Structure formats: C-alpha cells, structure tokens
Amino acid sequence: MSFFHIVDAQNEPRDAMKYHKEGLNVRKVNLGKNHVLTAASLDDVAGMYQKVGENEKALQCLKEALRIRKLQLGNDSMDIATTLFAMGIVFAASNDNEKASECYSASLAISARNGSNPKLEAQVIMHLFCRPLFDVMHIAHLQPPPTCY
C-alpha cells in the first residue's frame with residue numbers, strides 16, 4: 001500500500017488527490033505520458049475525483065488511461081476491462097445509465113475473451129443490480145439488503 005492510499009484511507013480525499021497528482025506528474029516525467037504506469041496513476045487520480053464528486057474530471061482521466069492502455073496493450077487487456085468498469089461507475093454516478101451499461105458490457109466482453117475474471121464479473125453484477133435497488137430503497141427511506149453495499 002502506498003503513502004497515497006494511506007492518506008486516502010484516512011478519509012482525506014483532497015490530500016490524497018494532491019499526492020496522486022504528484023505521483024502522476026513524476027511518472028509522466030520519468031516514464032513518459034504513454035506508459036502503462038502513467039495510466040495506472042491516471043486511474044488513481046480518477047478515483048479521487050470520483051470520490052469527491054468531480055465525475056467529469058474523473059472521466060477525463062479514465063479516457064486518457066484507456067487511450068494509453070489501448071496503445072500499449074491492445075484492445076483485450078484486463079487492464080482495459082478494469083478501466084472500462086471504472087468508467088461505468090462514473091457514468092452511473094452521473095446518472096448516465098446507458099453509457100454505464102455500455103462500459104460494463106465491454107468490460108465483461110474483454111473478461112470473457114481472456115478466460116473470465118470472477119471478481120470483475122461480480123463487481124459488474126453488483127453495480128448493475130444492487131446499485132439501482134439501493135437507489136430506490138434510499139429514495140423510499142428503506143434499508144438496502146445486506147448483500148448490496
């Protein structure tokens with residue numbers, strides 16, 4: 001676990017974002033803007049943006065990470081599936097369920113072509129089915145079932 005993740009775990013997302021951005025800049029300088037580890041740092045920054053509700057900035061980072069990964073790894077890498085899944089989460093948080101579903105479906109298709117990834121598949125199922133149930137229950141002031149979130 002990195003220092004950045006420790007700051008994030010302490011529930012200080014703005015501080016964590018600052019450190020993740022610094023890490024991203026270091027990787028860009030030392031590894032180049034098209035390196036797969038630069039894409040990983042973009043994922044981390046996107047996670048921080050999403051955590052503080054800046055979904056548009058999160059999506060920009062994820063799109064750049066996706067571009068880098070496709071350039072370096074081709075179209076069927078599990079890293080691409082993970083980035084698409086993260087994009088689905090951001091689209092869902094922005095109430096764009098159609099784009100979220102497209103990202104989740106693309107993520108699952110890559111997983112299937114790579115011999116399956118049960119963890120990723122379970123996460124997609126949770127977001128497709130539990131999230132809408134949680135939202136409806138929240139609006140109705142009911143408690144969600146213990147298996148959802």
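Here a biologist and a modeller talk through a predicted model of a protein chain.

Biologist: Let's start with the overall fold. How many helices and how many strands does the chain have?

Modeller: Reading along the sequence, you meet the pattern α-α-α-α-α-α-α. Every symbol there is an α. The count for the secondary structure is therefore 7 helices and 0 strands.

Biologist: What share of the residues is buried?

Modeller: To be called buried, a residue needs a relative accessible area under 20%. The chain has 149 residues in which to look for such cases. The buried share comes to 33%.

Biologist: And on the outside, what percentage of the accessible surface belongs to carbon and sulfur atoms?

Modeller: The accessible surface of the chain adds up to about 8700 Å². Of that area, the part belonging to carbon and sulfur atoms is 56%.

Biologist: Now for the inside. Which helix gives the most residues to the largest nonpolar core?

Modeller: Nonpolar side chains in soluble globular proteins tend to be buried together. In this model the largest nonpolar core has 28 residues, and Leu42, Tyr49, Cys61, Leu84, Met87 and Phe91 have the most contacts inside it. Two or more residues come from each of α2 (13-31), α3 (36-51), α4, α5 and α6. With 8 residues, the helix that gives the most is α5.

Biologist: Let's zoom in on leucine 42. Which residues does it touch, leaving aside those up to four places away in sequence?

Modeller: Leucine 42 is among the residues with the most contacts inside the core. Cys61, another residue on that list, is one of the residues that leucine 42 touches. The full set is Leu24, Cys61, Glu64, Ala65 and Ile68.

Biologist: Cysteines make me think of disulfides. How many disulfides does a search of the whole structure find?

Modeller: A disulfide is a covalent bond between the sulfur atoms of two cysteines. Cysteine 61 is buried at 10% relative accessible area, and cysteine 103 is buried at 8%. For the whole structure, the number of disulfides found is 0.

Biologist: Let's turn to charged side chains. Which residue forms a salt bridge with arginine 67?

Modeller: Arginine 67 and its partner are 3 residues apart in helix α4 (residues 55-73), which means they are separated by about one helical turn. Arginine 67 is partly exposed at 37% relative accessibility, and the partner is partly exposed at 28%. The closest N and O atoms are 2.7 Å apart, and the partner is glutamate 64.

Biologist: Which residue meets aspartate 76 in a salt bridge?

Modeller: The N to O distance in this salt bridge is 2.7 Å. The pair links distant parts of the chain, since aspartate 76 lies in the loop between α4 and α5 (78-93), while its partner, 37 residues away, is in helix α6 (residues 97-113). Aspartate 76 is partly exposed at 34% relative accessibility, whereas the partner counts as exposed at 52%. That partner is arginine 113.

Biologist: One last puzzle. Which residues are linked in a network of salt bridges?

Modeller: By the rule used here, the chain has 5 salt bridges. One of them joins the side chains of lysine 57 and glutamate 54, at 3.3 Å from N to O. Lysine 57 is partly exposed at 40% relative accessibility, and glutamate 54 is partly exposed at 21%. Both belong to the network, which consists of Arg14, Glu54 and Lys57.

Notes. Residues numbered from 1 in each chain as written. Predicted model: local features only at pLDDT ≥ 70, side-chain atom pairs only at ≥ 80, totals over all residues. Heavy atoms only, no water. Disulfide = S-S within 2.5 Å. Buried < 20%, exposed > 50% of the residue type's maximum accessible area, 1.4 Å probe, protein only. Helix = DSSP H or I, 4+ residues; strand = E, 2+ residues; numbered from the N terminus. Areas by Shrake-Rupley, 256 points an atom, 1.4 Å probe, with all protein chains shown as cover. Salt bridge = Lys/Arg side-chain N within 4 Å of Asp/Glu carboxyl O. Core = buried A, V, L, I, M, F, W, Y, C linked by side-chain atoms within 4.5 Å. Contact = heavy atoms within 4.5 Å.
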